[in-house]
Amino acid sequence: MSLICVDSSKCIHCGLCVKACPIMILELADGQPAAVHPEHCIACGHCVAVCPRAALDHTLAPLAKQVEIAGLPSIDQETASRFMRSRRSIRAYKETRVPRELLLQLVDMARLAPTGSNTQGVSFIVVEDKKLLERAAETVFDWLEKSPLSRYFGVMIQAYREKGIDTVLRGAPHLVLALTDREFSRGRENTIFALAYLELYAPALGLGSCWAGIFEHCVFSGYEPLVNLFQLPAGKKITGAVMVGYPQYRHQRLTDRKPLDVAFL
Ligand SMILES: Cc1cc2nc3c(=O)[nH]c(=O)nc-3n(C[C@H](O)[C@H](O)[C@H](O)COP(=O)(O)O)c2cc1C
């Protein structure tokens, strides 16, 4: 089966598909697009997405799976800015568990994040088991106490040991783990985009999230008592983690940061 299929009754020979292909694998042959180097295709789907007549289909990026943008409202600048600036790290969660359907919607958005050369390759484990999360937090604190990082986290360690306050997983009812193949060189960078998408989408589902950086430090150090808790599929490694749950409170103000530092050349 060929990589692309062109409906000649619809194709207007505009060549936009050829222009949009980032790898330059398409050419117009007698006015019709043809895949001349199909083996290099990265399945980004741009050729299908730009066609003004829906004349082009693609075996790896099927037309049927692409939603038409025409008719969808576009977000104005003010709304987009408010959306981006209103995401905050959530560190206090309700006990209520998030329904699986909602968690699926959340990670399904993470799946759509951009990745280098469209390599994707990020899968997810959603930890729902409260006891497992408690054991994971305890294991991170055990590791933290012995690690050189302990001098930065002394207050947190003490609060955990003396009062049971968990500043590692924040008592979140869920932890989303991102996984990639062990040898995948782009695992971490693809994960960062995926989890950033997840974090930006969470508030629209009524959810809050917080990147689990201390947990990640422990995982990335190779601390087996932690990694072994999650029974990872063979050949996979954890490349990122984000806590998820219903926020106990809402922030009343938008994010601000250090002043912009930019130069133009
Ligand atoms: C890679 C990364 C790791 C993080 N790790 C933690 C963490 O372990 N615990 C935590 O409470 N917050 C963590 N955060 C959240 C940051 O502290 C937070 O994003 C920053 O303070 C800005 O606040 P905001 O997210 O509410 O805008 C992490 C954020 C990132 C991007």
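The residues around the ligand are where I'll start: Arg88, Ser89, Arg91, Cys210, Trp211, Ala212, Gly213, Ile214 and Thr255. Keep in mind that this is a predicted model. Sorted by class, that shell holds 4 nonpolar, 3 polar and 2 charged residues. Two elements, strand 7 (208–211) and helix 8 (213–220), each contribute at least two residues to the shell.

Next, the sheet. The sheet is open, with 4 strands in the order 5-6-8-7 and antiparallel pairing. Strand 5 and strand 7 are at the edges; each has a single partner strand, so one side of each has no neighbour in the sheet. On average, neighbouring strands here are turned by 30° against each other, ignoring direction. Between strand 5 and strand 6, which run antiparallel, there are 5 bridges. Isoleucine 125, for instance, has leucine 177 in strand 6 as its bridge partner.

Now the packing. The largest nonpolar core counts 43 residues, and Val140, Leu169, Leu175 and Leu198 have the most contacts inside it. Elements giving two or more residues to this core include helix 4 (100–110), strand 5 (123–127), strand 6 (174–181), helix 7 (187–201) and strand 8 (236–245). Helix 8, from the ligand shell, is also among those elements. Which helix gives the most to this core? Helix 5, with 7 residues.

Take leucine 175 as an example. Leaving out residues up to four places away in sequence, leucine 175 touches Val127, Leu133, Leu169, Ala212, Ala241 and Met243. Of these, Ala212 is also one of the residues around the ligand.

Last item: there is a second, separate core of 12 residues, among them Cys17, Ala35, Cys41 and Leu56.

Notes: Residues are numbered from 1 along each chain as its sequence is written. This is a predicted model: local features need pLDDT of at least 70, side-chain atom pairs count only at pLDDT 80 or more; totals for chains, interfaces and linings use all residues. A residue is near a molecule or strand if its C-beta atom, placed from the backbone, lies within 6 Å of it. Ala, Val, Leu, Ile, Met, Phe, Trp, Tyr, Cys and Pro count as nonpolar, Asp, Glu, Lys and Arg as charged, and the others, Gly among them, as polar. A nonpolar core is a set of buried Ala, Val, Leu, Ile, Met, Phe, Trp, Tyr and Cys residues joined through C-beta atoms within 7 Å. A residue is buried if 20 or more other C-beta atoms lie within 10 Å of its own, exposed if 12 or fewer, and partly exposed in between; C-beta atoms are placed from the backbone. Two residues are in contact if their C-beta atoms, placed from the backbone, lie within 7 Å. Two strands pair if DSSP finds at least two bridges between them. Axes are lines fitted to C-alpha atoms, for helices over the stretch in contact, and angles run from 0 to 180 degrees between N-to-C directions.
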